[in-house]
Amino acid sequence: MPVQLLDGRVVLSHPKGASLEVLLFGATVTSWKAGSHRDPQPSERLFLSSKAVLDGSKPVRGGIPIVFPCFGPPVHPEHSRLPQHGFARSELWKFDSVVMDNDAGVSVRLTLEPTPEIAAKYNRPFHLAYVLTLAEHQLSAALHVTNTSTSADFPTDNLEFQALFHTYILAPAGQVLISPLQNVRYYDKTAAAEEDRNLARVESRLGVDVLKFTDSVYEDAPQKYDVTWPGGGLEIKTNALKDVVIWNPQRDAGSRMADMEHAGWERFVCVEPGYVRGFAKAEPGKTWIGQQVLSVIQEERRIT
Ligand code: BG6
């Protein structure tokens, strides 16, 4: 069965062996298994903390949570009643349809519409759809944000939002490098003083590492990244996601997270493509689509 609807989750299986699991809670991808060109045996590509809470009582620590409509604590007045990273990762989505089911890809669509509970904290005319497509060595995740307003009352009915894929890549944090971010402007959220956090810096490194506590927001980044380590790697391509966050809490912050497994920070890097500096916009009746495509890197393409 290429697509199975199980209790609270959807499982996709590709004829060549790749698989994907997504929870309806938060539309959170919790597992993506794919083989590489060198080793066709599918293996896990995402980190999921063994202490992650999967019962819907809090966002999932690992996999790919969706950040929408605010990144971090809300700053837009329309988001003021929302928690850090918004509500999409904490709501129950609906399975909508199988979009595609053939050798090229297995694809499903999940949706989230306003409920009275969401409207109480975010009373905006939105509809979200999430299309996940699994190919032999590739996973595509596309978030469709539709402004459902029929009013022509510009610009008050515009949707202004931030969106990000909080992708936990299973990788040895001590060896992973992310490139090409050299010369890209970034903001260091680990800085103690607010003025230092707001300071625009310029990345000098050819390959960015996460050897220390890292929480960097790269602005107007290249939208195509190599995440590599000895013996492995992923390529990330994005559309409409101009920024990227590199995050690893290391022991400092990681050991204070109740749902982080022991030394879990040694086993992942978060490379999070998003639109998080400023706000993306959708006018009434229009749909904005942000997409990331993760591909297993072929051995000869590694930069390390
Ligand atoms: C990252 C942020 O995207 O998410 C960090 O840049 C934050 O500042 C991290 O700590 C984890 O957030 P949360 O809400 O999942 O613990």
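# Reading burial, contacts and pairing in a predicted model

Colleague: Which residues does Thr28 touch, once those up to four places away in sequence are not counted?

Modeller: Thr28 touches Val22, Leu23, Val60, Gly63, Ile64, Pro65 and Arg89, not counting residues up to four places away in sequence; the model in which these contacts are found is a predicted one.

Colleague: What makes Thr28 buried, and where is Thr28 placed?

Modeller: Thr28 has 25 other C-beta atoms within 10 Å, and because the cut-off for a buried residue is 20 or more, Thr28 is called buried. Its place is in the loop between strand S3 (19-23) and strand S4 (29-34).

Colleague: Arg89 is among the residues that Thr28 touches, so why is Arg89 called buried?

Modeller: Around Arg89 there are 21 other C-beta atoms within 10 Å, which meets the requirement of 20 or more, and therefore Arg89 is buried. Arg89 is placed in the loop between S6 and strand S7 (94-102), and, with neighbours within four places in sequence left aside, Arg89 is in contact with Gly26, Thr28, Pro59, Pro65, Ile66 and Val67.

Colleague: Which residues does the UniProt annotation "binding site" cover, and how do you know that they gather at one spot?

Modeller: According to the unreviewed UniProt entry, the "binding site" annotation covers Arg61, Gln84 and Arg89. These residues span 29 residues in sequence, yet no two of their C-alpha atoms are more than 14.0 Å apart, so they gather at one spot.

Colleague: Is Arg61 buried or exposed, and what shows this?

Modeller: Arg61 has 22 other C-beta atoms within 10 Å, and since 20 or more are needed, Arg61 is buried. Arg61 is found in the loop between strand S5 (43-44) and strand S6 (66-67), and, leaving aside neighbours within four places in sequence, the contacts of Arg61 are Ser49, Lys51, Ala52, Met257, Asp259 and Met260.

Colleague: Which residues are around the ligand, and how do they divide by character?

Modeller: Around the ligand are Pro59, Gly72, Gln84, His85, His166, Lys189, Asp215, Val245, Trp247 and Glu272, and this shell divides into three nonpolar, four polar and three charged residues.

Colleague: Why is strand S19 described as largely enclosed by the rest of the structure?

Modeller: Six of the six residues of strand S19 (residues 243-248) are buried, so the strand is largely enclosed by the rest of the structure. Asp243, Val245 and Trp247 point one way from S19, whereas Val244, Ile246 and Asn248 point the other way. In a regular strand the side chains alternate between the two faces of the sheet.

Colleague: How do you know that S19 pairs with strands S16 and S20?

Modeller: Five bridges join strand S16 (residues 214-218) to S19, and five bridges join S19 to strand S20 (residues 268-282); because at least two bridges are required, both count as pairings. S16 and S19 run antiparallel, as do S19 and S20. Among the bridges, Asp215 has Trp247 as its partner in S19, and Ile246 has Val271 as its partner in S20.

Colleague: What makes His85 buried and Asn183 exposed?

Modeller: His85 has 22 C-beta neighbours inside 10 Å and counts as buried, whereas Asn183 has 8 other C-beta atoms within 10 Å, and because the cut-off for an exposed residue is 12 or fewer, Asn183 is exposed. Phi is positive for His85, near 70°, and for Asn183, about 75°, although neither is a glycine. His85 lies in the loop between S6 and S7, and Asn183 in the loop between S13 and S14.

Conventions: Residues are numbered from 1 along each chain as its sequence is written. This is a predicted model: local features need pLDDT of at least 70, side-chain atom pairs count only at pLDDT 80 or more; totals for chains, interfaces and linings use all residues. UniProt positions are given in the numbering used here, feature names are shortened, and annotations may be inferred rather than shown by experiment. Helices (H or I, at least four residues) and strands (E, at least two) are DSSP runs, numbered from the N terminus. Two residues are in contact if their C-beta atoms, placed from the backbone, lie within 7 Å. A residue is near a molecule or strand if its C-beta atom, placed from the backbone, lies within 6 Å of it. Ala, Val, Leu, Ile, Met, Phe, Trp, Tyr, Cys and Pro count as nonpolar, Asp, Glu, Lys and Arg as charged, and the others, Gly among them, as polar.
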